[in-house]
Amino acid sequence: MSKPNLDVVVFGATSFVGQILTRYLFEQFGVGGELRWAAAGRSGPRLEELRKSLGRGAGKLELQVADAADEASLRQLCAGARVVVSTVGPYALYGEPLVRVCAESGTDYCDLTGEVQWMKRMIDRYEDAALLSGARIVHNCGFDSIPSDLGVHFLQQQARAKFGQPCATVKMRVRSMRGGFSGGTVASLLNVLKEVAADPALRKSLQNPYLLCPAGKVKGVRQPNVSFAEYDADFDAWVAPFIMSAINTRVVHRSNALAGHAYGREFRYDEALLTGRGVRGRLAATATGAGLGAFMLAGSVGPLRAALEKFVLPAPGEGPSPEQQRTGGFDLRFHGRCANGQVIRARVTGDRDPGYGSTAKMLGQAAVCLAQDIPRSRVGGGFWTPATALGDRLIARLEAHSGLKFELLEK
Ligand SMILES: NC(=O)c1ccc[n+]([C@@H]2O[C@H](COP(=O)([O-])OP(=O)(O)OC[C@H]3O[C@@H](n4cnc5c(N)ncnc54)[C@H](OP(=O)(O)O)[C@@H]3O)[C@@H](O)[C@H]2O)c1
């Protein structure tokens, strides 16, 4: 294979999140500088329009036309790049050919998927090819699941340094989250519910917290799960179910398994939303739990799902306004307890709305980190997680360039 002339190609540059990512890379790296990169998508005119909107200095940004269903165009994309970063979703509908081509051609890949059923299929089908070709495939490089996966990685590192052992139990609690959903995310979520409705066995397998772990490691200790309002004594507050925990917990357990159970074989991890103290906290937790339950139920029933799509939720290409992105942010709290009872706490915060403004910055740095910081001698081919492939190098990049902070807390 000839040497690729680009470090990174953004596939899906004209998607809602792809446009924010392209603007971010342009602002960070310019064109013709230290990072050699290009923007790709299925429509030449839309790519031209995007390039024009970037303003002065973007004229030389390379554009490439490729279609997610046209394997020849994907092969061409992969031949010219060290890393392809894709925002073309729902991934379960459009993502497989690109993962296959990357795995076969030895091209590194990262994306924003949170579609656990699809990731499981991709690992089962293409891990052998990636091992053989040397391609590093890293899903989940957005709000799900970078802050969770790297937050646990950070907390466990601090626990080992302080106590000489990792925490046996870690809880992540969302203290605040300001932002909104895009049509692409909604389409991905509804597609999961549609697949589950069509295949009841899938519902059962998605309930397995170890689903994404390598073969032979898909079982383990019983995991905690906040499925309705409950009081959390470690935070002295009420908590409610967090919609993304069904993704993030699976990724964190895969990280633990890939790292040779660095967090321990008895490691327990769960996520929830903090809703506050007293009666108000309890009412808010109950309302949040009931609202989420109703949404999931509606999304599972064909006609109600169609009505949600048509009348309530944003359409593909739509999402939070630039103002919502700018004023958004998130604050995640981690509480870890070692087997001997010692406790450690940490916080991961981010500026911008989690799903888009911040996600685009995380994804951009993850792609550049994979291209520039992680040699193949250190991380070889295969399906990795953000923590196991990119770990501390990515934390440093996110703190320096993406508005994230990883901090140990005294209390
Ligand atoms: N993990 C996270 O934290 C996180 C956060 C945000 C989004 N996401 C995920 O990221 C994905 C994108 O979200 P979004 O809101 O940006 O979606 P979107 O605006 O609906 O964009 C979807 C993109 O897919 C492209 N596309 C569709 N069919 C294609 C084909 N055959 N060939 C090439 N491109 C094709 C579209 O191209 P055109 O532009 O030409 O129409 C569009 O650019 C979704 O799966 C979403 O769930 C994850």
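Start by selecting Gln-325 and the residues around it: leaving aside anything up to four places away in sequence, Gln-325 touches Phe-16, Ile-20, Pro-320, Arg-352, Asp-353 and Gly-357. Bear in mind as you click around that this is a predicted model.

Stay on this residue for a moment. Gln-325 sits in helix H13, which covers residues 322-327. Is Gln-325 buried or exposed? Its relative accessibility is 12%, and buried means under 20%, so Gln-325 counts as buried. Now add Arg-277 to the selection and draw a distance between the two C-alpha atoms. Gln-325 and Arg-277 are 48 residues apart in sequence, and the C-alpha to C-alpha distance is 28 Å.

**Zoom out**

Show the whole protein chain as a cartoon. You should be looking at 16 helices and 14 strands. Along the principal axes, the C-alpha atoms fill a box of roughly 55 × 50 × 40 Å. The radius of gyration is 21 Å, which agrees with the value near 22 Å for a compact globule of 411 residues.

Next, colour by burial. Of the 411 residues, 55% are buried. If you switch on contacts and keep those with a separation of 6 or more, 78% of them link residues 24 or more positions apart. Turn on the surface as well: the protein chain exposes about 17,900 Å², with carbon and sulfur atoms supplying 53% of that. For a last overview, colour the charges. There are 50 positive and 39 negative ones, and their mean positions lie 3 Å apart.

**Helix H2**

Select residues 44-54, which make up helix H2, and show the side chains. Leu-47, Leu-50, Arg-51 and Leu-54 are the ones to highlight here, as they are buried. Look down the axis: these residues cover an arc of only 100 degrees, which puts them on the same side of H2. The general rule is that an α-helix has 3.6 residues a turn, so residues three or four places apart point the same way.

What do the buried residues of H2 pack against? Bring up helix H1 (16-29), strand E2 (37-41) and strand E3 (62-65), and you have the partners. Then spin the helix round to the face turned away from its buried side, where you will find the exposed residues Pro-45, Glu-49 and Lys-52.

**Two cis peptide bonds**

Jump to Gly-89 and Pro-90. The peptide bond joining them is cis, with omega about 0 degrees. Pro-90 belongs to the loop that runs between strand E4 (81-86) and helix H4 (91-94).

Now move to Asp-144 and Ser-145. Here too the joining peptide bond is cis, with omega about 20 degrees. Ser-145 is in the loop between strand E6 (136-138) and helix H7 (146-163).

**Two positive phi values**

Stay in the loop between E6 and H7 and pick out Asn-140. Which sign does phi of Asn-140 have? The angle is near 65 degrees, a positive value in a residue other than glycine. Asn-140 is buried, with a relative accessible area of 3%.

For the last stop, select His-261, in the loop between helix H10 (245-258) and strand E10 (268-276). His-261 is not a glycine, yet phi is positive, at about 55 degrees. With a relative accessible area of 17%, His-261 is buried.

Note on methods
Residues are numbered from 1 along each chain as its sequence is written. This is a predicted model: local features need pLDDT of at least 70, side-chain atom pairs count only at pLDDT 80 or more; totals for chains, interfaces and linings use all residues. Side-chain values use heavy atoms; hydrogens and water are left out. Helices (H or I, at least four residues) and strands (E, at least two) are DSSP runs, numbered from the N terminus. The radius of gyration is taken over C-alpha atoms; the globule rule is 2.2 Å times the number of residues to the power 0.38. Buried means under 20% relative accessible area, exposed over 50%, partly exposed in between (1.4 Å probe, protein chains only). Contact means heavy atoms within 4.5 Å. Accessible areas come from the Shrake-Rupley method with a 1.4 Å probe; for residues, only the protein chains shown count as cover. Lys and Arg count as positive and Asp and Glu as negative; His and the chain ends are not counted. The place of a charge is taken as NZ of Lys, CZ of Arg, CG of Asp or CD of Glu. The arc is that of the directions from the helix axis to the C-beta atoms.
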